[in-house]
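Visitor: I have a new model open on my screen and would like to learn how to read it. Could you walk me through a few features?

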Amino acid sequence: MRCAVIGLGEAGGVYAAALAAAGHEVLGYDPGDTPTPEGVTRVATLPEAAGQAAYVLVLTGAAAAPAVAEECLPHLRSGACYADFTSASPEVMERLGRTVGERADFADVAILGPVPLHGHLVPLLASGPGAEAIAQLVRPLGSPVEVLDAPPGAAMGRKLLRSVFMKGLASVVCEAVAAGQAAGDEEWIRAEIAKQLAGDGQAVINRFLTGTRMHAVRRAMEMRDTGAYLDVLGVPSEMTRAAEQTLRRLSAG
């Protein structure tokens, strides 16, 4: 199968190499000074890549996604699968789906994890008319793909919902560990975090949902004091201050 990978950076290079290793003919395009993965034929222009491929995989920065789609559009083969793996917003994915859908089957593909850690085995979500087609291409590589029976934008919407928790959790952990380091208690706070993350996840969620509202007034005051303590330690406290504001809002509701 002839595939085009647009963007040969951190993620694009991984998928291009995996497709080539699986025996696909892979055309790669990237205007930057990025290495060409083994087995990939690098081409000089976007039209040259997109016009020859049954599958076009876009792994550029999100800001470039609309321009890439516009430039590729006149050259796409009828019935090709155009899969956008960028972290563009759901609204942008909807627009791209309408634009690309004039000529090709569009897939909104959300990457649910760090590619440097998992490589092409990172879990994916896909929606749109081309979702099943892109799943059939990458599943034989070992990539786990959940196909949503939903239009473009749905996969990215779910990714952003997940990001509320994942990026927020990562920020909280970073702040807590930094505070632990400053207080000379890093080992203890790491153990406390690990303890809270273990066990029955649904039970923890339910406990947070009920307990946070029930005890919002008291906990807001506690987070105020926590922020003051982090000031004494010289540790930035953005997440702590945000938690205090959230608890005050909940207590007022």
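Guide: Happily! Keep in mind that this is a predicted model. Let us begin with a cysteine: at 54% relative accessibility, Cys174 counts as exposed, because the cut-off for that label is over 50%.

Visitor: Is Cys81 buried or exposed?

Guide: Cys81 counts as buried, with a relative accessibility of 4%. For the protein as a whole, buried residues make up 42% of the 253 residues.

Visitor: As a bench person I always think about disulfides. How many does the structure hold?

Guide: First the general idea: a disulfide is a covalent bond between the sulfur atoms of two cysteines. Here the structure holds 0 disulfides. Take Cys81 again: the closest cysteine sulfur belongs to Cys3 and lies 9.4 Å away, so the two are too far apart for a bond.

Visitor: What about the overall build? How many helices and strands does the protein have?

Guide: There are 11 helices and 8 strands. The C-alpha trace spans about 60 × 40 × 30 Å along the principal axes.

Visitor: Which strand would be a good one to look at?

Guide: Try strand E6, residues 105-111: 6 of its 7 residues are buried, so the strand is largely enclosed by the rest of the structure.

Visitor: Which way do E5 and E6 run, parallel or antiparallel?

Guide: E5 (residues 81-84) and E6 run parallel, joined by 4 bridges. Within this pairing, Ala83 stands opposite Ala107 of E6. To get from E5 to E6, the chain passes through helix H4 (residues 90-100), and this β-α-β crossover is right-handed.

Visitor: And how do E6 and E7 run?

Guide: E6 and strand E7 (residues 124-127) run antiparallel, again with 4 bridges between them. Asp108 has Ser127 in E7 as its bridge partner.

Visitor: Now for pockets. How does one find them?

Guide: Rolling a probe the size of a water molecule over the atoms shows where empty space is left. In this model, the largest pocket has a volume of about 2100 Å³. It is lined by 42 residues, and the closest to its centre are Leu169, Val172, Phe208, Met223 and Ala243.

Visitor: Which elements give two or more residues to that lining?

Guide: They are helices H7 (154-183), H8 (186-197), H9 (201-214), H10 (216-233) and H11 (238-252). H7 gives the most, with 11 residues.

Visitor: What is the lining like by class?

Guide: By class, the lining of the largest pocket has 25 nonpolar, 9 polar and 8 charged residues.

Key:
Residues numbered from 1 in each chain as written. Predicted model: local features only at pLDDT ≥ 70, side-chain atom pairs only at ≥ 80, totals over all residues. Heavy atoms only, no water. 1 Å grid on protein atoms, 1.4 Å probe; cavity = no way out; pocket = protein on both sides within 12 Å on 5 of 7 lines; lining within 4 Å. Points joined across faces, edges and corners; volume = space filled by probe spheres on them. Nonpolar A, V, L, I, M, F, W, Y, C, P; charged D, E, K, R; others polar. Buried < 20%, exposed > 50% of the residue type's maximum accessible area, 1.4 Å probe, protein only. Pairing = 2+ DSSP bridges. Right-handed = clockwise from strand over helix to strand, strands pointing away. Disulfide = S-S within 2.5 Å.
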